[in-house]
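Notebook open. I wanted to walk through this one piece by piece and jot down what I looked up.

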Amino acid sequence: MLVSKRMTRDPVAVSPGQSLAEALRLTREHRIRHLPVVEGGELVGIVSDRDIRLAMPSPLAAGDAESTALVSETPVSAIMAREVITIGPWDAVEDAARLLHRHRIGALPVVDAHGRLLGILSETDVLGAFVELLGPAGASSRLEVSMPDRAGELARAMHVVGDELKVNVCSLLVPPGKHGDRRVAILHVNTIDPREVIQALESAGFEVGWPSLETDLRRGGGA
Amino acid sequence: MSVPSALVWDPAVTGYRFRPDHPFNPKRLDLSISLIEALGLLDGTTCRMEAPRMATDEELLAVHSREYVDAVKRFSAGGSTDGAARYGLGTDDTPIFPGMHDITALVTGATLRAAELVMSGEVKRSFSIAGGLHHAHHDRGSGFCVYSDLAVAIAWIRREHQARVLYLDYDAHHGDGVQGIFYADPEVLTLSLHESGRYLYPGTGFVDELGEGEGYGYSLNLPLEPFTEDGSWLDIHRKLLPEVIEAYRPDVIVVQNGCDGHSLDPLTHLRASTRLYEETIRIVCEVADSVCGGRVVATGGGGYAIWQVVPRAWTLIWGGLSGQQVPNRVPREWLDRWQGEAPVLLPECVRDPGEDLAPVPRREEIEATNRRTLESLRRQALPLIRGYGLGW
């Protein structure tokens, strides 16, 4: 999954000389939280709606002419962050997610090799990509299959479902194992009646998670 | 007080049969009809049987693509099944069988007939017991369903009577096909109560599926937690349905009565008893009486505990529709007729006894989650319905 497929192209941006009042208006009008600052096509900074609001006079204080003037005269360059964390269009969305998470920021400007602004990738865009990744791929039943963390086990499980029972696996997610020597694969199978699949997997020695009164999936070893 | 009502039935509809060991087994229809008859719930006049007709191509094409209908006809006639997967057919769930076009057109015609009888005023309520194929989509089959008898009947009601339709779906699986076909249509409001798609097929039916375009706010979903019991389910239903009705003001209700949410059903994890089905249809008929002249077009649907649950659940549905008190004792003649064939002991009472299920360990959590889901749906969806808050 590439950043270029998920980013917003030609995002709303400001120049360093535009006023805070104008920048605030843009965030409101377009319902966005981040404005890249661009000079001659090149990214030179970023401001968030939060940065702008922090620079504004308190709405509780009586709005005097002087502070109003200040907001419409102060340029964005006075408050923008100049050290911008960016990402490239050919980078993976997974990397973008890691950057957003590690730096606790809300958006990444996407720039080309020359620092020119191509787009912006927000945390909402990243979340959207993951929702799609985790969601079912068409009508399906979801099973969790616990297996030993060693070569060939996943292939064996897929063989049981796909080759022996001819049931299509519409999506498969295998997070890295956290429980020592076992890991859990989450699969969506293209059938309304997964009883046979469950039975076959169990006879092949796999543990299958599926709502059950005896074992609580949310508290047990399930994913 | 019995109500003018029609049970649309002909033994020919049991030809909707994929293969002998398939879970969607038409034997359940024979079992249900014979129980309804044995209990004397058909009097030949007020509460009577009516024969289905065939759906025409034109009627099918009102909701299905020509390409799909042509493909079904081709497979049905024994033509090459190459590319069947594209149409969701030839799978373990929905295999191809000879004559599948004609028989599904008959099942669809049964539901059309049920709609005609109600819309013409000949009866107040009708029951197309073989219908309820709610997973069929515009251009493909899915989950045991080839054509959408429900959507075809709703489209017919819209075209011939310009009536506003409320579609209710109580099957344990999400009614994704019907929802999808009317997703952008504000004149058909779909409401599906089902086991959450977190695990269960088809994996959809979450609260945030609200419709699109003009139809935004006219697709409602209430996913229930696995192991939800009658109490929580009915509680939610009693709160939600009057509010939806109050805002939407339908002219007719079309209701899918899948009974696979019963605790004995092998395909799902809900824990309903027969009480749920008796109460649900009573509530539906009550609100229909108050807002849409009592007009209810009902169908069957899922239900895979074919010996122990389906005949009793659908007998109670028919009793509720036709306004007849259903005796509680299953007639001896019915038990004698079927017990030899049944792989399980047939129940002797129509209604499940009160407390024979082991208590659900997480009941409180399940009920709290269901209440949160209801609140989330009410908050997001109800204000989107045009008549909400008007008080009419």
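**An odd phenylalanine, and its strand**

I started with F144(B), which sits in the loop between β3 and α5 (149-161) of chain B. I'm working from a predicted model, so everything here is read off that. The phi of F144(B) is positive, about 75°, although the residue is not a glycine. Is F144(B) buried or exposed? I found 23 other C-beta atoms within 10 Å of F144(B), so it is buried.

From that loop I went back to strand β3 (residues 125-128) of chain B. Here R125(B) and F127(B) point one way, S126(B) and S128(B) point the other way, and all are buried. That fits the usual rule: in a regular strand, side chains alternate between the two faces of the sheet.

Next I checked the partners of β3(B). Strand β1 (residues 5-8) of chain B runs parallel to β3(B), joined to it by 4 bridges. One pairing I noted is V8(B) with S128(B). Strand β8 (residues 296-299) of chain B is also parallel to β3(B), again with 4 bridges. There, F127(B) has A298(B) as its bridge partner.

**Cores**

Which residues have the most contacts inside the largest nonpolar core? I got V152(B), A153(B), I154(B), Y167(B), V254(B) and I317(B), in a core of 135 residues. Helix α4 (residues 100-119) of chain B gives the most to this core, with 11 residues. I picked A153(B) for a closer look: leaving out residues up to four places away in sequence, A153(B) touches T111(B), L112(B), A115(B), V254(B) and V297(B). I also found a second, separate core of 14 residues, with A13(A), L35(A), I46(A) and M80(A) among them.

**A cis proline**

I scanned omega in chain B and stopped at Y201(B)-P202(B): that peptide bond is cis, with omega near -5°. P202(B) belongs to the loop between β5 (188-195) and β6 (219-224) of chain B.

**Over to chain A: D10**

D10(A) is in the loop between β1 (8-9) and α2 (20-30) of chain A. Its phi is positive too, about 40°, and D10(A) is not a glycine either. Why does D10(A) count as exposed? I counted 9 C-beta neighbours inside 10 Å, and the cut-off for exposed is 12 or fewer. I also looked along the chain: L118(A) is 108 residues away from D10(A), yet their C-alpha atoms are separated by 6.2 Å.

**Helix α7 of chain A**

I checked the length of helix α7 (residues 153-164) of chain A. Its 12 residues should span 16 Å at 1.5 Å a residue, and the end C-alpha atoms are 15 Å apart, which agrees.

Then I looked at its sides. In α7(A), A157(A), V160(A) and V161(A) are buried. They cover an arc of only 80° around the axis, so they lie on the same side of α7(A). This is what helix geometry leads me to expect, as an α-helix has 3.6 residues a turn and residues three or four places apart point the same way. A155(A), D163(A) and E164(A) are exposed on the other side of α7(A). What do the buried residues of α7(A) pack against? My list is β6 (141-148), β7 (169-173), β8 (182-189) and α8 (195-203) of chain A. Just after α7(A), K166(A) takes a positive phi of about 60°.

**Where the chains meet**

Last, the contacts between chains: 22 residues of chain B are in contact with 16 residues of chain A. On the chain B side I sorted these into 12 nonpolar, 5 polar and 5 charged.

Key
Residues numbered from 1 in each chain as written. Chains lettered and ligands numbered in written order. Predicted model: local features only at pLDDT ≥ 70, side-chain atom pairs only at ≥ 80, totals over all residues. Contact = placed C-beta atoms within 7 Å. Nonpolar A, V, L, I, M, F, W, Y, C, P; charged D, E, K, R; others polar. Buried ≥ 20, exposed ≤ 12 C-beta atoms within 10 Å, placed from the backbone. Helix = DSSP H or I, 4+ residues; strand = E, 2+ residues; numbered from the N terminus. Pairing = 2+ DSSP bridges. Expected span 1.5 Å × (residues − 1). Arc of directions from axis to C-beta. Core = buried A, V, L, I, M, F, W, Y, C linked by C-beta atoms within 7 Å.
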